[in-house]
Amino acid sequence: MSDGTPGPGAAPDPGVAAGRTDGTAAAGSAGPPLLHVVPGPEVHGVVRHGLLVHDALAADLLRCDRLDALPDGALVARSVVVQVTDRVLAGDPDAALVAWRRVLRGAVRVSVVLHDLPQASDGRWRRARSTLYATVAAESDEVVVASHHERLLLAAALRWARPASARQVLARVHVIPLPVERSAPAVEPTSPGTSVVTLGYVYPGKGLEEVVDAAAAAARDPRLAGRAVEVRNLGRASDGHDDLVEELTARAAAAGVSWSTTGWVDDEDLPALLAGAGVPVAAHQHLSASGSISTWLAAGRRPVVLRSRYAQELADRMPGALTLISPDRLAEAVADALADPASTRLDASVRLGPSAAEAGRLLGEVARGPAVSVVVPYYRDQELLDLILRRLDAQTGVVGGLEVVVADDGSPEPPDVSACALPVHVVRQEDLGFRAGAARNLGARRARGRVLLFVDGDTVPEDGYAAALQRVCLASPVLAVGRRRHADLRAVARGGGRPWPPVEPLAEPGWLADGFAASDDLRAADDGSFRYVLSAVMAVPRVVWEVVGGFDEGLTGYGGEDWDLAWRTWLAGADLRHVPGAVAWHDGPDLAGRPEGQEAERLARVKNGETSRLAPRLPHPLVRGRGWVHDQPDVVVVLRAGGWTPGQLEVVTESALRRGDVGVWLDGVGEEEDVPAGLLRGAGGGRVHLGLPPPPVLGRARACVEVSRPVAVLRLPWAPYPHDLTGTVLGQESALVADEASGVRVVATRSRGRRLLHGEPLPPAWLPEGWVEPVDGHVVVERWRQAHP
């Protein structure tokens, strides 16, 4: 709610207060019941809304002065629904985001009710508020807004601040309108009033000046001859805006009417004031949702409301509830209402809604869901699927509930999941060959959990698998991998008293164990650690999954899609982690240990085919090698080349191409005819492009180099084919500086991702001035090359 509707006069006790309402956990869940977090003073409209719907939630209640008053760990292991506007989180949007992440870390499921969505009228605060709201929505499992208008406002914020995950986040945004139900009838006024009344806090941009001017114009209407018109506001000035009271008083006096505001109105006094108002008006054109309009309607009044997207939505939902007008008709509408007081009374036939109980029930339905989703790609192997489902039924230690999504990759017959006691959903795709990545994506889109777990259709988890991975994924943005062991599972699947877990394991791959040991279970991961991630035993928080975009569905056939995902996830800023306690058993030996047809020649063919599929996408030299040219470069270079001469363009481009596996994009050069032919064709073909690099290319490149002035790049802070580029850009040994004098900015993709996922600041990002050389507009390319062999 954005217009400061008055509320009860009692202020909450300082600090934190928690109370218990009777409630039960949803079917299939474990742990304490839903927790409803309502921060802010009781006089705040958002708090009033939260308390109004709370009783129907059947949840615990947690109240605090502001969210940042809560200690670290206050919400650990709780499934929560939080009422949010930036002012009840912290003192400003930047601090609010820090507080949000600190307090919500460890919550097993998060639903958020957003109020006061950012919009153009926010002025200088719009960017910061958009970042806050987009991040809160992206890091929540379910999002609730009060109108379709607010959903569009959120969509704009997401497209600006979180474009990679905007579509996925919007898919879980729910519209639950503000409650509107008729109050007990108040005493009708005995004579027509001549007051024009607004409701709520006094603050800039609320349309109060327009109401004063419209009332003054209406007072000159012949139908009102001899009647003095006054303008009143029910409420007090918003903090910091007491000066508006004097300004509005003077504006009204100069126009020949009076203006006043009541100051704070206690709840018990409000009904009579609402009933006695001559003409109720809501003139704010930049509402996200309006508590004041709902208050007028609840009091049986039909307010005059300026047309806006939100107001039109209200009018369409509750026909006859509003007098909806364009701004240029405000004076006319006020005069008509003063002359016909009955038009401001709500007809008994108008249906309002939802009630507070209905809104609370809908919110509860949205908020209750599984904390963990296990996605199982499947293809015509019912025997092992039955075993997987039995072992998922037996999982222990998961907090907040578990669901299973079986993603069928085109089996002739759908899988049978009827024997599983957990909630199980089956999604299917057409049989177009081996498409495990696409099947996993299909399952993840259906999943509702805060943590996404993956086990392959031939991989069976031990009983603590899900809980071990859940704990790691709730601690930070991470891509976690469990321990895959090997055994003959067919005998276990067929019963016969075989023990679980298997007691006759097959050999585990030594290279994988060595990689985990050398990297401290991936705590010391680097650019090459993507090789140790196996999608068969993988877990990831939903927020990371959506930033990355899931598996590349263009990778078909056996193997490689997990390395590609791990590469992009590492660059997106997530940590990698091996969780030895999350054990799952694979049916049969590892690829290198399979006895049937797995001689050296076949093993080489399989692995080399995987490398060939990955090389165009994954530029790490261990996959791509050296000297090859692909559309996806290891490093992206963007030349802001508007106004450069052809000679400057050719020299600067060549200086960048000399730096290794580099792709160059020319921004601001106009048409292709303006570029020297050799850059886009011939020697530069495939490496030089017009325009800006596409987001997927940026997401797979290890760094982006932006050249903002015509200078030859003589050095970059890494060798042409480093094992770990990010260490030389993010680490203490980085030679990058904060001084922009060179005109060349270098940003590691991983550092940009960590700012998004972790809130970390970007490190210094400019080349030292001595690492570049200015290129004169009249440069002779041949002579430059002679001087730079």
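**View 1. Val635 stands opposite Val662 of strand S23, in a parallel strand pair.** Everything here comes from a predicted model, in which local features need pLDDT of at least 70 and side-chain atom pairs count only at pLDDT 80 or more, while totals for chains, interfaces and linings use all residues. Residues are numbered from 1 along each chain as its sequence is written, and side-chain values use heavy atoms, with hydrogens and water left out. S22 (residues 635-640) and S23 are joined by six bridges; strands count as paired if DSSP finds at least two bridges between them. Helices (H or I, at least four residues) and strands (E, at least two) are DSSP runs, numbered from the N terminus. To get from S22 to S23 the chain goes through helix H22 (residues 646-657), making a right-handed β-α-β crossover (clockwise from the first strand over the helix to the second, with the strands pointing away from the viewer).

**View 2. Strand S23 is largely enclosed by the rest of the structure.** S23 covers residues 662-667, and what puts it inside is that five of its six residues are buried (buried: under 20% relative accessible area; exposed: over 50%; partly exposed: in between; 1.4 Å probe, protein chains only). S23 also runs parallel to strand S24 (residues 688-690), with three bridges joining the two. Look for Val664 here: its bridge partner in S24 is Val688.

**View 3. Zooming out, S22, S23 and S24 belong to an open sheet of five strands.** The order is S24-S23-S22-S25-S27, and the pairing is mixed. S24 and strand S27 (744-748) are the edges, each pairing on one side only. Neighbouring strands are turned by 20° against each other on average, direction ignored (axes are lines fitted to C-alpha atoms, for helices over the stretch in contact, and angles between N-to-C directions run from 0 to 180 degrees). S22 and strand S25 (residues 703-707) run parallel and share five bridges, with Leu639 partnered by Val707 of S25. Helix H22 packs on the sheet, touching S22, S23, S24 and S25, at about 155° to the direction of S23. Helix H26 (residues 749-758) packs there too, touching S25 and S27, and its direction makes about 65° with that of S27. Touching means heavy atoms within 4.5 Å.

**View 4. Another open sheet has six strands and parallel pairing.** Read across, the strands go S10-S9-S8-S11-S12-S13. Strand S10 (258-261) and strand S13 (323-325) sit at the edges, each pairing on one side only. The twist averages 25° from one strand to the next. At the S13 end, three bridges hook S13 up with strand S12 (residues 304-306), and Val305 has Leu324 as its bridge partner.

**View 5. Leu453 and Trp545 touch the most other members of the largest nonpolar core.** This core has 86 residues (a nonpolar core is a set of buried Ala, Val, Leu, Ile, Met, Phe, Trp, Tyr and Cys residues joined through side-chain atoms within 4.5 Å). Helix H15 (residues 465-475) is the top contributor, giving seven residues. Setting aside residues up to four places away in sequence, Trp545 touches nine residues, including Asn441, Leu452, Phe454, Met538 and Phe551. Apart from this core lies another of 40 residues, among them Leu75, Val103, Val110 and Leu154.

**View 6. Two cis peptide bonds, both leading into proline.** One runs from Gly353 to Pro354, with omega near 0°. Pro354 is in the loop between helix H11 (330-339) and helix H12 (356-367). The other links Trp500 to Pro501, again with omega near 0°, and Pro501 belongs to the loop between helix H16 (490-493) and helix H17 (510-518).

**View 7. Ala77 and Arg380 have positive phi without being glycine.** Ala77 has phi near 65° and sits in the loop between strand S3 (60-64) and strand S4 (79-84). With a relative accessible area of 29%, Ala77 is partly exposed. Phi of Arg380 is near 35°, in the loop between strand S14 (372-378) and helix H13 (382-393). Arg380 counts as exposed, at 55% relative accessibility.
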